[in-house]
Amino acid sequence: MKKKLPLIIFLLILAAGIVLGVYQHLNSKTKFNDNCVNGNTAGNLYGAGLFCEYDGTIYFANPSDNCRLYSMNTDGTHLKKLSDDVASFINADDNYLYYVRNNPVSDEKYSFINVNTDSLCRADHDGKNILVLDTEPCMYASLFGNYIFYLHYEENNGTTLYKVKIDGTEKQQVEENPYQTCSASSQYFYYIGDKGAVWRYDTTSLSTTCVYTDNCWMPTVSSDGTIFYMDCNDDYKLTKSDLLGGDKIHLAEDRLDSYNACGNYIYFQRSSGTDPALCRIRTDGSDYRVIAEGVYSDINTTSTDVYFREFSSGIMYRSPIDAPDEVSIFSPGK
């Protein structure tokens with residue numbers, strides 16, 4: 001019996017090692033989505049994807065820490081630093097975060113949204129187990145089920161449309177044109193083609209269809225076929241129509257620099273040489289109001305707040321959706 005004891009111990013240790021190895025393998029195995037979930041809203045991705053809300057948690061690029069990746073509850077509590085990575089174009093699903101890593105940090109203003117970024121990454125919701133999906137400079141990353149479609153930059157070929165599976169496989173160029181992937185709806189995204197027409201790109205079949213003809217910019221298409229855009233033929237006015245036909249409607253007479261349509265509201269930057277402002281209007285064109293006077297960019301929204309960056313200073317501001325007259329500097333952790 002004493003002679004068999006070392007063998008038994010060895011076999012137990014071996015079995016434990018095998019079990020641990022199997023556990024680690026299963027734990028590290030990519031968890032795929034069962035449907036074509038999208039990772040962020042069109043308006044946020046047009047605004048560099050600095051905020052992304054998923055299942056009651058906001059993942060964001062913290063302006064108080066050089067735009068490194070953080071998370072917090074929707075009420076601003078439970079602030080956590082997830083990574084030293086400077087993040088933009090943040091997406092999320094049940095299992096992972098996806099973002100463009102913008103290291104190293106430049107001292108220049110707004111350098112984190114420059115084209116010369118570093119890589120496309122995937123991480124767990126706690127920021128751990130980072131997997132680099134593309135080592136080349138990337139931007140406009142958008143999740144479609146189990147694939148990320150994004151703009152990929154190479155010195156020889158310039159910027160082109162790529163896709164990569166969320167486990168890092170099947171990376172390939174799918175279009176030579178750098179179509180923006182922001183306006184995602186299920187397996188489709190909507191982009192601007194020749195003469196400002198809106199085209200629909202099917203990320204499953206990799207086919208394209210023209211769905212709306214006007215001279216548009218920054219289209220946002222909702223699941224019911226409603227389209228918002230800036231009318232290039234009429235001084236970039238905020239415009240609403242639908243993909244099934246019908247007249248287009250100018251929701252405001254202002255010239256726009258940018259906008260973010262979310263829920264019942266649209267937030268937009270009014271372009272004016274004398275009276276610029278961050279404004280809000282309902283999607284039916286009512287309840288026009290000024291949120292903050294001045295020039296702002298990077299408009300991002302969550303279910304509770306709108307965030308926007310002052311162009312001259314780089315300071316990020318926050319205004320509650322339910323209390324639009326309240327505007328404060330957003331500096332979490334300070």
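**Two sheets and two cores**

In strand 9, serine 142 has phenylalanine 149 as its bridge partner. I start with that pair because it leads into one of the two sheets I want to go through. A word first on what we are looking at: this is a predicted model.

Strand 8 and strand 9, the latter covering residues 147–154, run antiparallel and are joined by five bridges. They belong to an open sheet of four strands, ordered 8-9-10-11, with antiparallel pairing. Strand 8 and strand 11, residues 172–175, are the edges, and each of them pairs on one side only. From one strand to the next, the twist averages 35°.

Now the other sheet. Here seven strands form an open sheet, again antiparallel, in the order 1-2-3-4-5-6-7. Its edge strands are strand 1, at 51–54, and strand 7, at 131–134, each with pairing on one side only. Neighbouring strands in this sheet are turned against each other by 45° on average, ignoring direction.

Within it, strand 5, residues 96–101, and strand 6, residues 119–124, make an antiparallel pair over six bridges. Which residue of strand 6 is the bridge partner of tyrosine 98? That is arginine 122.

One residue in strand 4 deserves a stop. Serine 83 sits in that strand, which spans residues 80–92. Is serine 83 buried or exposed? Its relative accessibility is 9%, and the cut-off for buried is under 20%, so serine 83 counts as buried. Its side chain reaches the backbone nitrogen of aspartate 85 at 2.9 Å. Setting aside neighbours within four places in sequence, serine 83 contacts Arg68, Leu69, Tyr99 and Ile130.

On to the cores. The largest nonpolar core has 58 residues, and the members touching the most others are Leu120, Ile148 and Tyr259. Strand 8, residues 138–144, supplies the largest share of this core, with six residues. A separate core has twelve residues, including Ile291, Val306, Tyr317 and Ile321.

Back to isoleucine 148, with residues up to four places away in sequence left out. On that basis isoleucine 148 touches Tyr98, Leu120 and Leu133, then Ala141, Ser142 and Leu143, and finally Tyr162, Lys163, Val164 and Ile166. Two names on that list have already come up: Ser142, the bridge partner of phenylalanine 149, and Tyr98, the bridge partner of arginine 122.

Terms used: Residues numbered from 1 in each chain as written. Predicted model: local features only at pLDDT ≥ 70, side-chain atom pairs only at ≥ 80, totals over all residues. Heavy atoms only, no water. Core = buried A, V, L, I, M, F, W, Y, C linked by side-chain atoms within 4.5 Å. Buried < 20%, exposed > 50% of the residue type's maximum accessible area, 1.4 Å probe, protein only. Contact = heavy atoms within 4.5 Å. Pairing = 2+ DSSP bridges. Axes fitted to C-alpha atoms, helices over the stretch in contact; angles between N-to-C directions. Polar contact = N/O pair within 3.5 Å; in protein donor to acceptor, adjacent residues only side chain to side chain.
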